[in-house]
Amino acid sequence: MLPPDDFDPPVGDPQTLEPGLRRIVAPNPSPMTYRGTNTYLLGTSGLAVIDPGPQDSAHLQAILNALGPGQHISHIVVTHTHVDHSPLARPLADACGAPVLAFGTAEAGRSAVMQRLADRGMIGGGEGIDSAFVPDQTLADGETIAGDGWTLEALHTPGHIGNHLSLGWNDACFTADHVMGWASSLVSPPDGDLTDFMTSCARLQKRNWRVFYPGHGAAVTDPAARLDWLVTHRKGREADILQALAAGPATAQAIAHRVYADTPPALIGAATRNVLAHLVDLHGKSVVSPVGPLQMDAEFRLTDNRP
């Protein structure tokens with residue numbers, strides 16, 4: 001899905017999205033981060049900073065410069081431990097004295113099947129993991145935190161990575177990298193788990209959300225439609241992968257080149273990881289099996305349990 005051309009906010013400049021909420025875009029644009037990471041400032045006096053962003057001194061200063069008279073940072077909330085979201089949390093905490101809250105460390109929330117794969121070293125990967133991250137306080141699923149006129153509900157939404165949180169704010173939700181409007185989310189084993197991702201989508205679908213504020217790109221103003229698209233998109237990719245395997249055993253990379261034929265070369269690696277996530281999910285359902293050990297370059301074949 002092509003990104004909307006009209007989303008091009010000034011980097012480092014706080015933009016008011018609605019009363020009590022501002023967004024600062026970090027200076028880290030890339031094919032995976034779009035215009036850059038969205039850092040959110042929530043509140044009017046005591047502020048929550050959601051996703052401080054990458055290790056960047058200019059962005060740190062932009063966050064501090066956004067504080068007006070009588071304002072201070074009371075909470076720093078990290079949705080997940082990718083290097084475009086969490087590394088600036090500790091320098092910001094050192095600068096303002098606020099605690100850092102998150103679901104846990106980089107491996108927290110990892111599914112059992114992905115933990116087994118990681119322990120056995122059979123699946124390499126780990127796109128930009130902030131492995132040194134340690135929160136001051138952990139946020140359990142369903143836990144709420146409150147500040148100056150705001151309350152956030154922690155919703156554990158693993159899939160993109162095991163420790164991923166979405167944050168409910170009344171009828172709005174900060175969805176980080178789970179749901180974005182400009183692209184589908186990367187799911188890359190062993191940190192990403194497609195089975196968990198689809199379960200998290202189903203969980204978000206049970207609520208009547210007004211708006212999603214994602215980790216990259218513009219606000220999603222029709223959350224239900226976007227979630228429907230995301231689920232349909234994933235099911236379509238699964239069908240494409242099964243069709244590709246109908247021609248014979250193939251690796252994740254070979255399948256990616258076929259089903260992501262229009263993907264720019266810079267993103268084919270990410271596409272391969274997405275295909276691998278589908279293959280691991282299908283392997284768990286006994287629909288496909290690897291020819292030999294389960295590893296990144298393994299060939300996969302259909303089993304007799306194909307739906």
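This tour goes through a predicted model in two stops, a threonine in a loop and then a pair of helices.

**Stop one: Thr 79**

Begin by selecting Thr 79, which you will find in the loop that runs between strand 5 (72-77) and helix 2 (89-96). If you colour by relative accessibility, Thr 79 comes out at 1%, and because buried means under 20%, this residue counts as buried.

Next, show the side chains of Asp 51 and His 80 as sticks. The side chain of Thr 79 is joined to that of Asp 51 by a polar contact of 2.8 Å, and the side chain of His 80 also makes a polar contact with the side chain of Thr 79, here at 2.9 Å.

Then widen the selection to the residues that Thr 79 touches, leaving aside those up to four places away in sequence: these are Ile 50, Asp 51, His 85, Asn 163, His 164, Leu 165, Leu 167 and Ala 176. Asp 51, already on display as a polar partner of Thr 79, is thus also one of the residues in this list.

**Stop two: helix 1 and helix 2**

From the loop, move on to helix 2 and add helix 1 (residues 57-65), which packs against helix 2 at an angle of about 40 degrees, the two axes lying 11 Å apart. The two helices are therefore oblique to each other, and their crossing is right-handed.

To see where they meet, select Leu 60, Ile 63 and Leu 64 in helix 1 together with Pro 91, Leu 92 and Ala 95 in helix 2. Coloured by class, this contact shows six nonpolar residues, with no polar and no charged ones.

Definitions and conventions. Residues are numbered from 1 along each chain as its sequence is written. This is a predicted model: local features need pLDDT of at least 70, side-chain atom pairs count only at pLDDT 80 or more; totals for chains, interfaces and linings use all residues. Side-chain values use heavy atoms; hydrogens and water are left out. Helices (H or I, at least four residues) and strands (E, at least two) are DSSP runs, numbered from the N terminus. Buried means under 20% relative accessible area, exposed over 50%, partly exposed in between (1.4 Å probe, protein chains only). A polar contact is a pair of N or O atoms within 3.5 Å; within protein, one must be able to donate a hydrogen and the other to accept it, and residues adjacent in sequence count only if both atoms are side-chain atoms. Contact means heavy atoms within 4.5 Å. Axes are lines fitted to C-alpha atoms, for helices over the stretch in contact, and angles run from 0 to 180 degrees between N-to-C directions. Angles under 35 degrees count as roughly parallel, over 145 as roughly antiparallel, 65 to 115 as roughly perpendicular and the rest as oblique. A crossing is left-handed if the near helix is turned anticlockwise from the far one by less than a right angle, and right-handed if clockwise. Ala, Val, Leu, Ile, Met, Phe, Trp, Tyr, Cys and Pro count as nonpolar, Asp, Glu, Lys and Arg as charged, and the others, Gly among them, as polar.
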